[in-house]
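Got your viewer open? Let's take a walk through this one, stop by stop.

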Amino acid sequence: MEISGVGYSMDKKSIIKKLLLGPADWITLSPFLLGVTVAFGAWAVSLESGIALAASVILILISAGIYFQRLLSGWNENFEKLVNEGRESIEKNRNEELDKLYSELKKDGDPRTKNLLKDLRTLMKSLMNVQSESVAISAFDIISDADKLFQRSVDYLRESLELWNTAQEMQRASIKEQLLKQRESLIQEVEKNLENLGNVLSSIKKAAVNSRDGQQLAELREELNSSLKIAEEVEMKMNSLRSDRPSADEEKYLQNAK
């Protein structure tokens with residue numbers, strides 16, 4: 001049921017890996033390679049010289065110093081840059097799929113579904129555009145979790161459309177009512193997720209201008225984790241309902257068997 005490529009696919013580990021590799025270019029490695037060359041050359045010609053060894057160690061230490069200086073001085077800026085690049089890639093991949101879903105949701109005649117999708121996209125775009133350096137790194141995990149709620153909501157909206165389409169094909173009123181009831185449950189869950197995402201955005205905005213950023217964001221992360229756990233419990237219940245859900249083919253079979 002998931003839309004491929006719409007999740008917040010760039011995790012913190014991959015970003016940190018790129019940050020660690022960033023300063024490892026010729027500027028940083030040149031003194032290191034020169035130091036290793038000096039040491040190897042002295043060993044190759046059996047030159048027992050403290051000067052050669054000291055020069056080698058100094059060059060290697062200079063290389064290490066350059067690496068850590070460049071790494072630490074540009075950490076926040078480079079982190080934010082990589083996050084923005086990941087965000088742009090994600091938005092590019094998923095916008096086409098979400099535009100298509102928005103058009104399809106117009107067919108169910110229920111303005112709630114397409115309006116929910118529109119509001120979800122607006123909130124998620126604002127969340128992924130968080131630019132404040134003071135919260136950019138600490139808010140990353142929160143935005144990642146928020147995107148999970150967003151993805152689950154998109155999946156539920158798609159499923160609600162499938163339920164509506166199936167219900168239209170049903171002849172038996174009791175089965176049609178059952179399907180529409182399940183559809184209503186999905187829509188209600190999306191409404192709850194939308195409200196949670198709105199609270200997340202509001203809290204992050206407050207943290208950006210509050211000196212207690214870390215504490216506020218930690219509390220927000222806890223609340224968001226609770227919401228995700230509740231969403232997982234709801235998903236388990238929905239899976240149980242899906243297993244008992246009649247299909248259009250089954251209904252046609254029952255009609256023909258009469």
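Is Gly-41 buried, partly exposed or exposed? Select Gly-41 and you'll find a partly exposed residue, with a relative accessible area of 29%; here buried means under 20% relative accessible area, exposed over 50%, and partly exposed in between (1.4 Å probe, protein chains only). Gly-41 sits in helix H2. Add Ala-52, 11 residues apart along the chain, and the two C-alpha atoms are separated by 9.1 Å.

Before going on, some ground rules. This is a predicted model, where local features need pLDDT of at least 70 and side-chain atom pairs count only at pLDDT 80 or more, while totals for chains, interfaces and linings use all residues. Residues are numbered from 1 along each chain as its sequence is written, and side-chain values use heavy atoms, with hydrogens and water left out.

Now zoom out and colour by secondary structure. The protein chain has 10 helices and zero strands (DSSP runs, numbered from the N terminus: helices are H or I with at least four residues, strands E with at least two). Of its 258 residues, 37% count as buried.

Next, select Asp-108 and Arg-183. Their side chains meet in a salt bridge (3.2 Å, N to O), meaning a side-chain nitrogen of Lys or Arg within 4 Å of a carboxyl oxygen of Asp or Glu. Asp-108 lies in the loop between H4 and H5 and Arg-183 in helix H8, so the pair ties together parts that are 75 residues apart in sequence. Asp-108 is buried, at 6% relative accessible area, and Arg-183 counts as buried too, at 6%.

Keep those two and add Asp-110, Arg-112 and Glu-184: the five are linked in a network of salt bridges. Within it, Arg-112 and Asp-110 meet at 2.8 Å, N to O. Arg-112 is partly exposed at 30%, whereas Asp-110 is buried at 13%.

Then hop to helix H7 and pick Asp-145 and Lys-148. Their closest N and O atoms are 3.6 Å apart in another salt bridge. Being three residues apart in H7, the two are separated by about one helical turn. Asp-145 is buried at 4%, but Lys-148 is partly exposed at 48%. The structure holds eight salt bridges.

For the last stop, show the surface and select Leu-29, Phe-32, Leu-33, Val-36 and Ile-60. They make a nonpolar surface patch of about 380 Å² (residues with over 30% relative accessible area and no salt bridge, nonpolar side chains being joined within 5 Å). Helix H2 supplies the largest share, four residues, and Leu-33 is one residue that lies in H2.

Technical notes
Patch = residues over 30% accessible without salt bridge, like charges linked within 9 Å, V, L, I, M, F, W, Y side chains within 5 Å. Areas by Shrake-Rupley, 256 points an atom, 1.4 Å probe, with all protein chains shown as cover.
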